[in-house]
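Trainee: I have a model open and would like to learn how to read it. Where should we begin?

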Amino acid sequence: MNRADRESFTLKGFLRNRERMVREQIEARGITDERVLSVMRQVPRHLFVDEALQMQAYGDHPVPIGLGQTLSQPYIVALMTSLLVVRPRMRILEIGTGSGYQAAILAAMGAEVFTVERIKQLYMTARSRLLQMKYFNVRVKLDDGTMGWPDLGPFDRIIVTAGGPEVPAPLLEQLTDPGIMLIPVGATRRDQRLLRIFKKEGRIHQEDHGSVAFVDLVGSHGW
């Protein structure tokens with residue numbers, strides 16, 4: 001088998017794994033939003049991890065991306081994306097760029113994504129990766145994510161991919177009215193509840209969508 005044949009075989013394998021991921025991990029757990037299912041089938045998750053870990057990318061588990069951070073389990077990405085109720089041209093703030101995968105999913109749904117990462121190495125890698133993959137509707141910033149991105153707010157949606165002890169006040173301020181925020185919150189580290197927060201007519205309402213375990217939300221309004 002020559003190099004071209006090997007590459008074709010590998011690409012077909014990743015495509016099969018992606019289809020299986022959606023069918024067995026996401027649809028089987030009750031995610032029915034066709035737009036979410038479609039982008040989860042399209043975006044090549046394996047390209048958001050180191051080459052040595054690409055064969056693990058479609059497993060039913062998080063994947064390490066270095067520096068104590070992870071690429072979230074596929075189901076969690078799909079669940080959060082579904083709960084966010086994304087529409088084309090929405091302005092979405094993401095806190096915790098990580099590998100860039102969640103930002104790519106949102107961008108593939110037609111949103112304008114603003115994503116903040118506090119770790120310089122992850123910021124640089126994700127920014128380069130997203131540009132190389134032509135996600136031109138994603139802007140990446142190196143900063144304290146708990147402060148949001150006030151210069152470019154407000155945002156129709158805010159998604160936080162790390163868990164903190166409380167909902168950061170600057171993020172609530174930067175959420176449009178009406179608007180939706182998703183954030184893991186818990187009194188102890190790595191043990192949180194996934195909250196969906198609605199802002200409407202100046203009032204805040206929240207839903208609890210179950211137990212989750214995210215990496216720490218670090219910053220002025222986090223741990």
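**Reading the sheet, the pocket and the backbone**

Mentor: Begin with one pair of residues: glycine 179 has lysine 199 of β8 as its bridge partner. Keep in mind throughout that this is a predicted model.

Trainee: In what sense do β7 and β8 pair, and over how many bridges?

Mentor: The general idea comes before the case. Backbone hydrogen bonds hold the strands of a sheet together, and the pairing is either parallel or antiparallel. Here β7 and β8 (residues 191–200) are antiparallel, with eight bridges. Another pair to look at is isoleucine 183, which stands opposite leucine 195 in β8. The two strands make a hairpin with two residues between them, and arginine 190 in the turn has a positive phi of about 60°.

Trainee: What joins β8 to β9, and which way do they run?

Mentor: Eight bridges join them, and they run antiparallel. Lysine 200 is opposite arginine 203 in β9. This hairpin also has two residues between its strands, and glutamate 201 takes a positive phi near 55°.

Trainee: In what sense do β6 and β7 pair?

Mentor: That pairing is parallel, over four bridges. To find it on screen, look for arginine 157, opposite isoleucine 180 in β7. While you are at β7, note its surroundings: 10 of its 14 residues are buried.

Trainee: How many strands form the open sheet, and in what order?

Mentor: Seven strands form it, in the order β5-β4-β3-β6-β7-β8-β9, with mixed pairing. The edges are β5 (138–142) and β9 (203–212), each of which pairs on one side only. On average, neighbouring strands are turned by 20° against each other, direction ignored.

Trainee: What happens at the β5 edge, and which helix packs on the sheet there, touching β4 and β5?

Mentor: The helix is α5 (residues 120–132), whose direction makes about 165° with that of β5. Beneath that contact, β4 (residues 112–117) pairs with β5 in the parallel sense over five bridges. Phenylalanine 114 has arginine 139 in β5 as its bridge partner.

Trainee: How do I read a helix, and which residues of α2 are buried?

Mentor: An α-helix has 3.6 residues a turn, so residues three or four places apart point the same way. In α2 (residues 34–42), the buried residues include Val36, Leu37, Val39 and Met40. Look also at the start of α2, where a side-chain oxygen of aspartate 33 comes to within 2.9 Å of the backbone nitrogen of arginine 35.

Trainee: Now the empty space. What is the volume of the largest pocket?

Mentor: Rolling a probe the size of a water molecule over the atoms shows where empty space is left. The largest pocket has a volume of about 540 Å³. It is lined by 34 residues, and those closest to its centre are Thr70, Ser72, Thr161, Phe214 and Val215. The elements that give two or more residues to the lining are β2 (69–71), α3 (74–84), β3 (91–95), α4 (101–108) and β4.

Trainee: Last, the backbone. What is the usual case for phi and for peptide bonds?

Mentor: Most residues other than glycine have a negative phi, and most peptide bonds are trans. Exceptions are therefore worth a look.

Trainee: Where is leucine 67, and is it buried or partly exposed?

Mentor: Leucine 67 is in the loop between β1 (63–66) and β2. Its phi is positive, about 60°, although it is not a glycine. With a relative accessible area of 47%, leucine 67 is partly exposed.

Trainee: What about lysine 134: buried or exposed?

Mentor: Lysine 134 counts as exposed, at 60% relative accessibility. It lies in the loop between α5 and β5, and its phi is positive, near 65°.

Trainee: Which residues does a cis peptide bond join?

Mentor: One such bond joins aspartate 177 and proline 178, with omega about 5°. Proline 178 sits in strand β7 (residues 175–188). The bond from glycine 153 to proline 154 is also cis, with omega near 0°. Proline 154 is in the loop between β5 and β6 (155–160).

Note on methods: Residues numbered from 1 in each chain as written. Predicted model: local features only at pLDDT ≥ 70, side-chain atom pairs only at ≥ 80, totals over all residues. Heavy atoms only, no water. Pairing = 2+ DSSP bridges. Axes fitted to C-alpha atoms, helices over the stretch in contact; angles between N-to-C directions. Contact = heavy atoms within 4.5 Å. Buried < 20%, exposed > 50% of the residue type's maximum accessible area, 1.4 Å probe, protein only. Polar contact = N/O pair within 3.5 Å; in protein donor to acceptor, adjacent residues only side chain to side chain. 1 Å grid on protein atoms, 1.4 Å probe; cavity = no way out; pocket = protein on both sides within 12 Å on 5 of 7 lines; lining within 4 Å. Points joined across faces, edges and corners; volume = space filled by probe spheres on them.
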